[in-house]
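Thanks for coming, everyone. I would like to take a few minutes on some aromatic side chains, so please have the structure open as I speak.

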Amino acid sequence: MEATTEKAIGTQVPRVEELPGELQYIKYEHKLEAEYLPAIRALISKDLSEPYSIYALHPVDSSLIGVIICKLEPHASHSPPTLRGYIAMLAVSSQYRGHGIATELVRRAIDAMAQRDADEIVLETEETNIPAMRLYERLGFVRSKKLHRYYLNGNSAYRLVLLLRSVDADATNDYPLDDRDIALR
């Protein structure tokens, strides 16, 4: 029987048993974008479950000035499981910052995930990135956890969460109520 790997969307693909040679690992360099960016986009579209990419294009020459990359997938840490949206990346060209492009990209991503029944949206942002923190908090995200030394540069991050639906505690409570629970109601 041929070994397979299950992708997030449930399809089976043949698994490579042996690499064809020694892999080459290269650091990102701008000059390599033209060669590798299409393949990177293809990997994101194919291997991230439910990926959503929204682009902001220049109104005159259609050049890319902003992008947000997101995904939506089941999250089993809640009972019952929820659909969790994730904002993986947001970038706006520096010369176009301050014009509301990032805000609009995030709003569109939130809308796209809400239309697909997301219960919540999460992301991480560097604790020193004050403009990003303000942007997300202005849109309703709240800090849920500090992630110490989260990034490769050693900086910490905050996990931010936007709840799109409230969880009904009564519907998900599998435990019998005790006297304290009754007194609080």
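Let me begin with Tyr55, which belongs to strand β3, the stretch covering residues 51–57, and please keep in mind throughout that this is a predicted model. Tyr55 has a relative accessible area of 39%, and because partly exposed covers the range between 20% and 50%, Tyr55 is described as partly exposed. Together with Leu57 and Leu64, Tyr55 makes a nonpolar surface patch of about 310 Å².

Now to the rings that pair with one another. In general, a pair of aromatic rings is described by how far apart the centres are and by the angle of the planes. How many aromatic pairs are there here? The count comes to two. One of them is formed by Tyr136 and Phe141, with 5.5 Å from centre to centre and 70 degrees between the planes, an edge-to-face arrangement. Both Tyr136 and Phe141 are buried.

The other pair joins Tyr150 and Tyr151, whose ring centres are 5.0 Å apart and whose planes stand at 90 degrees. Why is this pair called edge-to-face? It is because planes over 60 degrees apart count as edge-to-face, and the planes of Tyr150 and Tyr151 are at 90 degrees. As for exposure, Tyr150 is partly exposed, with a relative accessible area of 37%, and Tyr151 is partly exposed as well, with a value of 26%.

Finally, please look at Tyr158, where the charged end of Arg143 sits over the ring, 4.7 Å from the centre of that ring.

Note on methods: Residues numbered from 1 in each chain as written. Predicted model: local features only at pLDDT ≥ 70, side-chain atom pairs only at ≥ 80, totals over all residues. Heavy atoms only, no water. Patch = residues over 30% accessible without salt bridge, like charges linked within 9 Å, V, L, I, M, F, W, Y side chains within 5 Å. Areas by Shrake-Rupley, 256 points an atom, 1.4 Å probe, with all protein chains shown as cover. Salt bridge = Lys/Arg side-chain N within 4 Å of Asp/Glu carboxyl O. Helix = DSSP H or I, 4+ residues; strand = E, 2+ residues; numbered from the N terminus. Buried < 20%, exposed > 50% of the residue type's maximum accessible area, 1.4 Å probe, protein only. Phe/Tyr/Trp six-rings, centres within 6.5 Å; stacked < 30°, edge-to-face > 60°. Lys NZ or Arg CZ within 6 Å of the ring centre and 35° of its normal.
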